[in-house]
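Dear colleague,

I am handing over the structure we spoke about, and you will find it directly below. My notes on what was found in it follow after that.

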Amino acid sequence: MKEQLERIKKEFVGALEEVKDALMLEELEQRFFSRKSGELTQAMKGLKDVSVEMKKELGQFANVVKQELSGMLDNKKEELENKSFEDLAKNEAIDVTQSPLPKKKKGAIHPMSIIHRELEELFRSMGFMVLDGPELESDYFNFEALNIPKDHPARDGHDTFFIKDHSDWVMRTQTSPVQVRGMLKYGAPLRAVVPGRVFRNEATDGSHDHTFFQMEGLIVDKGLSISHLIGVMKGLLEGILKKDVTIRLRPGFFPFVEPGFELDMVCLICNGKGCKACGNTGWVEIIPCGLVHPEVIKAGGLDPEEYTGFAFGLGSMRLVMQRYGIEDIRHFMKGDLRFLDQF
Ligand code: DAH
């Protein structure tokens, strides 16, 4: 039996030398170690037939041989694995025909948010607070406190969404209610801007939508005049559009300012020639503004003898259109990715 084991070992070593790859190694393993027919396994089975005296010695010998052989097998396995990694690395090359991975889709910031963030930063740097107000507003703050009592014709200019069964609630038609809310909360002197969404029950076209954005501005202090107002407005437009702009002031009527103005700017999309975005006039109404009406100062809990103020209601959506050359206001709310992806 001893000789048999010696012979198996010899054969194993010889065969192992011939092994060149993992497949051959597996065959070798089967040949010697397979549970059923492996040569070593078979030989070891013969142990049960030897005499009791010989069993111990032969058993030990067989185990040593088995350990030796399986050790050699493991070493060979490791050697082959290392070799195959080396081969891989040697053959590795860059496949120039492989197409690039598809670009990951990144979200983008809506153009309205871009401009509001910039405006907020600009105003913050001038010491303004950024205020917020409710979109579902009371009739009082949206109209009454702004010097627009019930039955005032100025209400006709605001096609209002009313709320069923709540006659004193409206979807705010303007950000101006936050003028009064701001004064009541913070008193004077006050500098605040209010970016926000407003709603009107309007037929839509290239320059009108039922939902749009404004940025209200309010300064209340002692001794403010129209020249302060004009200076701030022009600085604001040029700061945000980053070019010289031509503006004009026309008288405008808004019950909460006195005097009131329409501040227009030469349309930057058509350079004043007339296009869809400016209703073919060459001018864009961009900032209605004026000196705060004494009644509104009073509604804000302040004394109009002591305080004056000016206010403006920037059509921030129109400003975005001017900056990016967007010709139709309805693009903003459609959620069309072909539009939104461009920002
Ligand atoms: N809230 C007005 C509107 O939506 C715009 C406006 C006009 C705001 C004059 C002002 C202002 O602050 O002074 O039509």
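I begin with a detail of the backbone: Asp 165 sits in the loop between strand 3 (162-163) and strand 4 (166-171), and although Asp 165 is not a glycine, its phi is positive, at about 65°. Please keep in mind throughout that this is a predicted model, and that every value quoted here is computed from it. As background, most residues other than glycine have a negative phi, and most peptide bonds are trans.

Two peptide bonds should be mentioned alongside that residue. The bond that joins Ala 188 and Pro 189 is cis, with omega at about 0°, and Pro 189 belongs to the loop between helix 7 (177-186) and strand 5 (190-199). The peptide bond from Glu 258 to Pro 259 is also cis, with omega near -5°, but here the proline is found within a strand, namely strand 8 (residues 257-266).

As for the chain as a whole, its secondary structure comes to 12 helices and 10 strands. The radius of gyration of the protein chain is 43 Å, well over the 20 Å that the globule rule gives for 343 residues, so the chain is more spread out than a compact globule. Along its principal axes, the C-alpha trace spans about 125 × 45 × 40 Å.

The ligand may be of more direct use to you. The space that the ligand takes up is the largest pocket, and the elements that give two or more residues to the shell around it are strand 6 (211-221), strand 9 (283-292) and strand 10 (308-314). The ligand is surrounded by 16 residues, of which the closest are Gln 174, Ser 176, Arg 200, Gln 214 and Glu 216; by character, the residues of this shell divide into 7 nonpolar, 7 polar and 2 charged.

Which polar atoms of the protein lie at short range from the ligand's own nitrogen and oxygen atoms? A nitrogen atom of the ligand is 2.8 Å from an N or O atom in the side chain of Ser 176, while an oxygen atom of the ligand is 2.7 Å from an N or O atom in the side chain of Glu 216. With Ala 311 the partner is in the backbone, where a polar atom lies 3.1 Å from an oxygen atom of the ligand. Taken alone, the ligand exposes 350 Å², and the protein buries 94% of that area.

With best regards

Note on methods:
Residues are numbered from 1 along each chain as its sequence is written. This is a predicted model: local features need pLDDT of at least 70, side-chain atom pairs count only at pLDDT 80 or more; totals for chains, interfaces and linings use all residues. Side-chain values use heavy atoms; hydrogens and water are left out. A residue is near a molecule or strand if one of its heavy atoms lies within 4 Å of it. A polar contact is a pair of N or O atoms within 3.5 Å; within protein, one must be able to donate a hydrogen and the other to accept it, and residues adjacent in sequence count only if both atoms are side-chain atoms. Accessible areas come from the Shrake-Rupley method with a 1.4 Å probe; for residues, only the protein chains shown count as cover. On a 1 Å grid over the protein atoms alone, a cavity is a set of points where a 1.4 Å probe fits but cannot get out, and a pocket is an open set with protein on both sides within 12 Å along at least five of seven lines; lining residues have an atom within 4 Å of a point. A molecule sits in a cavity or pocket if more than half of its atoms lie within 2 Å of its grid points. Helices (H or I, at least four residues) and strands (E, at least two) are DSSP runs, numbered from the N terminus. Ala, Val, Leu, Ile, Met, Phe, Trp, Tyr, Cys and Pro count as nonpolar, Asp, Glu, Lys and Arg as charged, and the others, Gly among them, as polar. The radius of gyration is taken over C-alpha atoms; the globule rule is 2.2 Å times the number of residues to the power 0.38.
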